[in-house]
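User: Hi! Could you walk me through this model before I head back to the bench?

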Amino acid sequence: MVCVSELPPNDSGSFDEIVAAETDRDPDLAVIEAGSRTLRTQGGPPQADVPARPEDPEVDKALREVEAELATRWGETKLEPSVARIAALMDVLGEPQRSYPSIHITGTNGKTSTARMIEALLGAFDLRTGRYTSPHVQSITERISLDGAPVSAERFIETYQDVKPYVEMVDAQQEYRLSFFEVLTGMAYAAFADAPVDVAVVEVGMGGTWDATNVIDAGVAVVTPIDLDHTDRLGTTSAEIATEKSGIVKPDATVIMAQQPVDAAQVLLKKAVEVDATVAREGLEFGVVARQVAVGGQLVTLRGLGGEYPEVYLPLHGEHQAHNAAVALAAVEAFFGVGARHAQPLDVDTVRKAFAAVASPGRLEVVRRSPTVVLDAAHNPAGARAAAAAIGEAFQFSRLIGVVGASGDKDVRGLLEAFEPVFAEVVVTQNTSHRAMDADELAAIAVEVFGEDRVQVEPRLPDALEAAITLAEEEGEFAGGGVLVTGSVITVGEARLLLGRG
């Protein structure tokens, strides 16, 4: 191993109609796909980054047919740990994932935001990018991006039709059919080869070793902070989880490692030694030098592998996003050979331009004012702690009301405990997914954490949003009350549908 040195809510009836129209699709994936039809990320990317349903009825029909076919497959929560099926698909497709270099991202939290930052940096240096991330917040087409924007519905449909015969061929040969996520992964790799892209930025779905994305041999492996999540599949300690995630580290690769628990770091470093990978560690070879809150985000100074990058504006809130930015910058430097082949830093003006254009929908995203309503997809204790710290720093609400709808397979108590210091009151609810924790069950846990006087139960999300806004307004129009909707990416997506930007 070598260390690199240097609204008001819309009419609830329309929401019910949209949800009813989606009943034939996987509720984990599709109910919220219209979630941002009336929203645009504040100060963020072009409109194409938050696609609505196709306006052409025929295209919309064709996309729904593709979504319906994908929904007949295993969802993302049902796994058979193996890359045999996706490897077979890659084989019959002609190994498209080997036709471009890639950057592979694993970790517990921050993967999507980091992927978006890496994509923006690469694009700013005139490289054609492909980005594959999950889950989607609004539309399934968000998962596969080219040149910084989701593929069009037409291209998504065409890609599916292109790979469908090969998918069916593999299905017939395997014990289990390809899963939803495996088919989408195959589509992404094929779309990137067809574009063609100069580099692919790929986020794992879960873990690393047996994740469907892990048929690439990425020259740069990124590990964002590891914490406890998916413990039933990945392990019950940081070290066990790191063991699974270290599977993306390939021989001779460069590993960009965010700050980690000691036991996780030991596992990752050991894996790097075993495969003769190069390691760059946040806090040693790169990191955040300084940061200060700015309007709409923060101003950071980053130390990369090649030198210092001062006064970089990042239009995202929270210390965790500054650390994600440091990781993203180091990953792109490593891709360009900074710190290994040469020590010349990247052009600072290009870096600044790239970061200034970054957006990460559903991550402390403001969707309404008076009172301010913020959406954040935190769904585990680590994510909740980061969101709680960031919202206190960035917004300074005099009274913050939480709206929480969580999945039943998550550490809900830990999530609520992380938010307890910042929520004056919490309205517990449930989203429309079959994985959603029952509102009354969630309320019972919330009462133990917050006390009965601070908990309100509204099983329907539209009612929960209305109740929270009313509570936030109790101090008066100029008193600084706010609402944070959180607990699940699905809850956040459904709230996007119900709330317009004021």
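Analyst: Happy to; here is a short tour by topic. This is a predicted model, in which local features need pLDDT of at least 70 and side-chain atom pairs count only at pLDDT 80 or more, while totals for chains, interfaces and linings use all residues. Residues are numbered from 1 along each chain as its sequence is written, and side-chain values use heavy atoms, with hydrogens and water left out.

User: Great. How many helices and strands are there in the protein chain?
Analyst: The protein chain has 16 helices and 18 strands. Helices (H or I, at least four residues) and strands (E, at least two) are DSSP runs, numbered from the N terminus.

User: And what share of the residues counts as buried?
Analyst: Of its 502 residues, 58% are buried. Buried means under 20% relative accessible area, exposed means over 50%, and partly exposed is in between (1.4 Å probe, protein chains only). The accessible surface of the chain is about 18,800 Å², and carbon and sulfur atoms hold 49% of that. Those areas come from the Shrake-Rupley method with a 1.4 Å probe, and for residues only the protein chains shown count as cover.

User: On to charges. How many salt bridges do you get?
Analyst: The count is 26 salt bridges. The rule asks for a side-chain nitrogen of Lys or Arg within 4 Å of a carboxyl oxygen of Asp or Glu. In general, side chains of opposite charge can pair when their charged atoms come close.

User: Can you give me a couple of examples?
Analyst: Sure. Asp60 and Arg53 form a salt bridge with an N to O distance of 2.6 Å, and both residues are buried. Glu285 pairs with Arg281, where the closest N and O atoms are 2.7 Å apart, and again both Glu285 and Arg281 are buried.

User: What about Glu425, which residue does its side chain meet in a salt bridge?
Analyst: That would be Arg399, at 2.5 Å from N to O. Glu425 lies in strand β16 (residues 425-430) and Arg399 in strand β15 (residues 399-404), so this pair ties together parts that are 26 residues apart in sequence. Glu425 is buried at 17% relative accessible area, and Arg399 is buried at 14%.

User: Which residues do shared partners join into one network?
Analyst: Arg53, Asp60, Arg64 and Glu67 are joined into one network by salt bridges that share partners.

User: Now the surface. Which residues gather in the patch of negative charge?
Analyst: Glu55, Asp56, Glu58 and Glu154 make up that patch. Patches are made of residues with over 30% relative accessible area and no salt bridge, with like charges joined within 9 Å and nonpolar side chains (Val, Leu, Ile, Met, Phe, Trp, Tyr) within 5 Å. Lys and Arg count as positive and Asp and Glu as negative, while His and the chain ends are not counted. Each charge is placed at NZ of Lys, CZ of Arg, CG of Asp or CD of Glu.

User: Where is Glu154 in all this?
Analyst: Glu154 lies in helix α5 (residues 153-173). Glu154 is partly exposed, with a relative accessible area of 45%.

User: Switching topic: where do the cis peptide bonds show up?
Analyst: One is the bond from Ser134 to Pro135, with omega near -10°, and Pro135 is in the loop between β3 and β4. Another runs from Ser370 to Pro371, with omega near -5°, and Pro371 is in the loop between β13 (365-368) and β14 (372-375).

User: Anything else about Ser370? Is it buried or exposed?
Analyst: Ser370 is exposed at 51% relative accessibility. Its phi is near 55°, a positive value in a residue other than glycine. Asp126, also not a glycine, has a positive phi of about 65°. Asp126 sits in the loop between α4 (111-124) and β3 and is exposed, at 69% relative accessible area.

User: Back to that first proline loop. What does the side chain of His136 contact?
Analyst: His136 is in the loop between β3 (129-132) and β4 (144-146), and its side chain makes a polar contact with the side chain of Arg143 at 2.9 Å. A polar contact is a pair of N or O atoms within 3.5 Å; within protein, one must be able to donate a hydrogen and the other to accept it, and residues adjacent in sequence count only if both atoms are side-chain atoms. His136 is buried at 4% relative accessibility.

User: Last one: what about Thr213, buried or exposed?
Analyst: Thr213 is buried, at 0% relative accessibility. The side chain of Thr213 makes a polar contact with that of Asp211 at 2.5 Å.
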